[in-house]
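Q: I would like a close look at a single part of this model, the lining of its largest cavity, followed by the surroundings of the elements involved. How do the residues of that lining divide into nonpolar, polar and charged?

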Amino acid sequence: MTNDRQPPVELQRHLGAFDATMIIIGNIIGMGIFTTAGLVTEALPHPLLVMGAWATGGVLTLCGALTYAELGAALPRAGGEYVYLRMAYGPFWGFLNGWTYFLVSNPGSIAVMGVALTAYVGTYLPAVSMQHLLFSLPLPLGRLAISSGQVFAIGVVALFSCINYLGVRAGSVVQNVLTIIKLAVILAFAGFAFCTGKGNWAHFAEPVSGQFASDLFGALSLAMISVFFSYTGWFTSTYVASEIREPQKNLPRSIILGSITVAVIYLLINAAYLYALPIGKMRGVINIGEAASTALFGVRISRYVSVAIIISVLGAINSVILTAPRIYFSMAQDGLFFHQAARVHPVFRTPANSILLQGIWVCILVLAGTFSQLLTYTTVAMLGFSIMTGSALLVLRKTHATLLRPFLVPGYPWVPLVFVVSYSLILLSIFWSRPYEALAGLGIVAFGIPVYVLWRRNSLPKEDSPRDS
């Protein structure tokens, strides 16, 4: 009697080191680089301190990248942090990580970027606006107003979700193109700024006039929170580890090279901003990219900054849509999420249901319009999970000493310790300066505890060991 049972459909390794690196660069460089510099200069009184904050952020990011590189090479399975936390601390902590990222962090960031995109697209297409009401739908608790901006944002999410549904290679090609264009535009801006722009090198030696806060450490902490936001996403290639060729080599390369590239880009673009404007005129300016471009090239050229932001945000949206569903896919494989999310499309070899589920949830958030504050709350959770993941490397070195590690962190244990301690200080500063938001973030994470209990009751726990990649 023959066995007609077909082998399970699995994800395929279609991505190389270049693809994985473009995913990281495209994810990190979104809208923040065109807006965050004004917030950093608001906290710090001297241009050299500003550049030092961005350089420090780059060094800390590299420490984190090296730490995650060892974990990713040793455990090359889809899911990233979820996999490492589950391995080091058990399924409970892995679940809380994946749950938080599904409930708010990833869909919320996509929704925020999609809605923000409408403001820049509206510069060229005035009909696209969050204020342009199309119709409203009656609901039991009121009416749901639908604007053209919401429809546009949902359309963007649907488009990129469909592309990534059709194959990781399709999503990766789109990511590569958008990221290359993004880098070319940023490098061109910086190059023309220094060569032909109407800037002044004296701006680098001019502190803000007036009185400064005596608490320089507090000011640095506030600045580093903004810098942290801008560097977030340097580990996203770990989410697609099951689809990277030779992940033992290419995954560490992508994380390290992507992080270094972004750090260099951030230092370059912030130097261009400071060359364009004295620090006093940068403080608190949200649209710093347009302000610097106006000072360098005039009003006519500055209008094209919106095009650069649009391309940058599109690349960041696609990167999250490409990578994040692999977290829920891995959770579902372990019986800690909807079991349908573990399905791999038989033709496209993608976690199709996870992509669809995320897309639907993003659209609901866009229509509800309540995601922005929730995303702020989860900053604490994101930092906390990063700290736990950095510590997981130390734990796994002891508890799983025989685990094959194709890549070892140079300077162990000091490099992961620097990462863990520095992120812990940033986390403490958030608790000190924004206690309400911090506690709300912990509440969102805690909401996953009863959900975890329900899922564990309905599924048999699997062995807490790394899967075969």
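**The lining of the largest cavity**

A: In this predicted model, the residues that line the largest cavity divide into seven nonpolar and two polar, with no charged residue among them. The lining is made up of G57, L60, T61, M224, V227, F228, Y231, Y423 and I426, and the elements that contribute two or more residues to it are α3 (47–74), α8 (216–231) and α18 (414–433). Of these, α8 provides the largest share, with four residues. The volume of this cavity is about 60 Å³, and it is the largest in a model for which the count comes to six cavities of 30 Å³ or more.

Following the lining elements outward, one can begin with α3, which packs against helix α9 (residues 247–276) at an angle of about 175°, the two axes being 9 Å apart. Because angles over 145 degrees count as roughly antiparallel, α3 is roughly antiparallel to α9. The residues of this contact divide into 21 nonpolar and six polar, and, as in the lining of the cavity, none is charged.

Between α8 and α9 there is a loop, and E246 has its place in that loop. Although E246 is not a glycine, its phi is positive, at about 45°.

The remaining lining element, α18, is preceded by a loop that runs from α17 (379–399), and P413 lies in this loop between α17 and α18. P413 is joined to Y412 by a cis peptide bond, for which omega is about 5°.

For a further look at helix packing in this model, one can turn to helix α5 (residues 91–121) and helix α20 (residues 448–458), whose axes come within 10 Å and cross at roughly 120°. That angle makes α5 oblique to α20, and the crossing of these helices is right-handed. On the α5 side the contact involves P91, F92, F95, L96 and W99, which meet G448, I449, V451, Y452, W455 and R456 in α20. Taken by class, the residues of the contact of α5 with α20 divide into nine nonpolar, one polar and one charged, whereas the contact of α3 with α9 has no charged residue.

Note on methods:
Residues numbered from 1 in each chain as written. Predicted model: local features only at pLDDT ≥ 70, side-chain atom pairs only at ≥ 80, totals over all residues. Heavy atoms only, no water. 1 Å grid on protein atoms, 1.4 Å probe; cavity = no way out; pocket = protein on both sides within 12 Å on 5 of 7 lines; lining within 4 Å. Points joined across faces, edges and corners; volume = space filled by probe spheres on them. Nonpolar A, V, L, I, M, F, W, Y, C, P; charged D, E, K, R; others polar. Axes fitted to C-alpha atoms, helices over the stretch in contact; angles between N-to-C directions. Parallel < 35°, antiparallel > 145°, perpendicular 65-115°, else oblique. Left-handed = near helix turned anticlockwise from the far one by under 90°. Contact = heavy atoms within 4.5 Å.
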